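Trainee: I've got a model open and I'd like to learn how to read it. Could you walk me through it?

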Amino acid sequence: MKKLTCFLFALAMGFSLTACSGNTTEVTKESETTVLEETETETIDESESKEVLKQEAYHVIEAEVGQPFQIDAKYGSYIVTVTGIEETDWWERKHNNHVKDVILLHYEVENINFDSILSSGVQLNPDSFRITASNDYVAKAFNTYYDGYEAVGNVEPGEKQSGSMAYEIDKLGEYYEVVFKNSSGDIARVKVEP
């Protein structure tokens, strides 16, 4: 009787070990699959041209030149990309002196689905950006355009436009901090070298 009990006990232990080892193998395979899927996803993300940055609650987006950032507003979403700053001779051309300088902020706007009761699309103006030079001079809107440059007009939902805005500044800087803002505060900050 003892031998039969020992045999049944050993048989039960054998089945238990076999069942456990089978689960362990499956868990290991699932873990390997998960790791592979994550690795493949990371590779795909790195190969994409530019990631669209989104603002997290109360944090200003730190973007680079050419890196798009998304604004999610009450009436929809749109994407803004600061593409550069160009120093011009426009002040001298308008005033015949060198008292100030004019810079052009180049940017793109892509309207995903923004459509408010006040406008049928996205309309940015010089107050949408705050530009501070490395020497702490703050740029102000310059309302004259030369050389065919012009600001982006109304961007309808589903459209994308590129343009420039002109700003006057007391003294040119080595670089510029461009802050995109709206009524709720600062959204994104981009350091731009001319």
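Mentor: Let's go from the whole chain to one sheet, and then to a patch on the surface. Keep in mind that this is a predicted model.

Trainee: How many helices and strands are there in the protein chain?

Mentor: Count the elements, then look at their order. Here the protein chain has two helices and 10 strands. Starting at the N terminus, the order is α-β-β-β-β-α-β-β-β-β-β-β.

Trainee: What share of the contacts joins residues 24 or more positions apart?

Mentor: For that, set aside the pairs that sit close in sequence. Among contacts with a separation of 6 or more in the protein chain, 64% are between residues 24 or more positions apart. As for burial, 31% of the 194 residues are buried.

Trainee: Now a sheet. What is the strand order in the open sheet of four strands?

Mentor: Read across the sheet, not along the sequence. The order is 2-10-9-6, and the pairing is mixed. At the edges you'll find strand 2 (61-63) and strand 6 (129-133), each of which pairs on one side only. On average, neighbouring strands in this sheet are turned by 20 degrees against each other, ignoring direction.

Trainee: In which sense do strand 2 and strand 10 pair, parallel or antiparallel?

Mentor: Follow the two strand directions. Strand 2 runs parallel to strand 10 (residues 185-192), with three bridges between them. If you want a pair to click on, Glu 62 has Arg 189 in strand 10 as its bridge partner.

Trainee: And how many bridges link strand 6 and strand 9?

Mentor: Five bridges, and this time the sense is antiparallel, with strand 9 covering residues 176-182. Look for Arg 130, which stands opposite Val 179 in strand 9.

Trainee: Is strand 6 mostly covered or mostly open?

Mentor: Check its residues one at a time rather than guessing from its place in the sheet. Strand 6 is mostly covered, with four of its five residues buried.

Trainee: Let's finish on the outside. How much of the accessible surface belongs to carbon and sulfur atoms?

Mentor: Take the total, then the share. The protein chain has an accessible surface of about 12700 Å², and carbon and sulfur atoms account for 51% of that.

Trainee: Which residues make the nonpolar surface patch?

Mentor: Tyr 75, Ile 117 and Leu 118 do, over about 400 Å². Leu 118 lies in the loop between strand 5 (101-111) and strand 6.

Trainee: Why is Leu 118 classed as exposed?

Mentor: Compare its value with the cut-off. Leu 118 counts as exposed because its relative accessible area is 82%, and the class starts at over 50%.

Terms used: Residues are numbered from 1 along each chain as its sequence is written. This is a predicted model: local features need pLDDT of at least 70, side-chain atom pairs count only at pLDDT 80 or more; totals for chains, interfaces and linings use all residues. Side-chain values use heavy atoms; hydrogens and water are left out. Two strands pair if DSSP finds at least two bridges between them. Axes are lines fitted to C-alpha atoms, for helices over the stretch in contact, and angles run from 0 to 180 degrees between N-to-C directions. Buried means under 20% relative accessible area, exposed over 50%, partly exposed in between (1.4 Å probe, protein chains only). Contact means heavy atoms within 4.5 Å. Accessible areas come from the Shrake-Rupley method with a 1.4 Å probe; for residues, only the protein chains shown count as cover. Patches are made of residues with over 30% relative accessible area and no salt bridge: like charges are joined within 9 Å, nonpolar side chains (Val, Leu, Ile, Met, Phe, Trp, Tyr) within 5 Å. A salt bridge is a side-chain nitrogen of Lys or Arg within 4 Å of a carboxyl oxygen of Asp or Glu.
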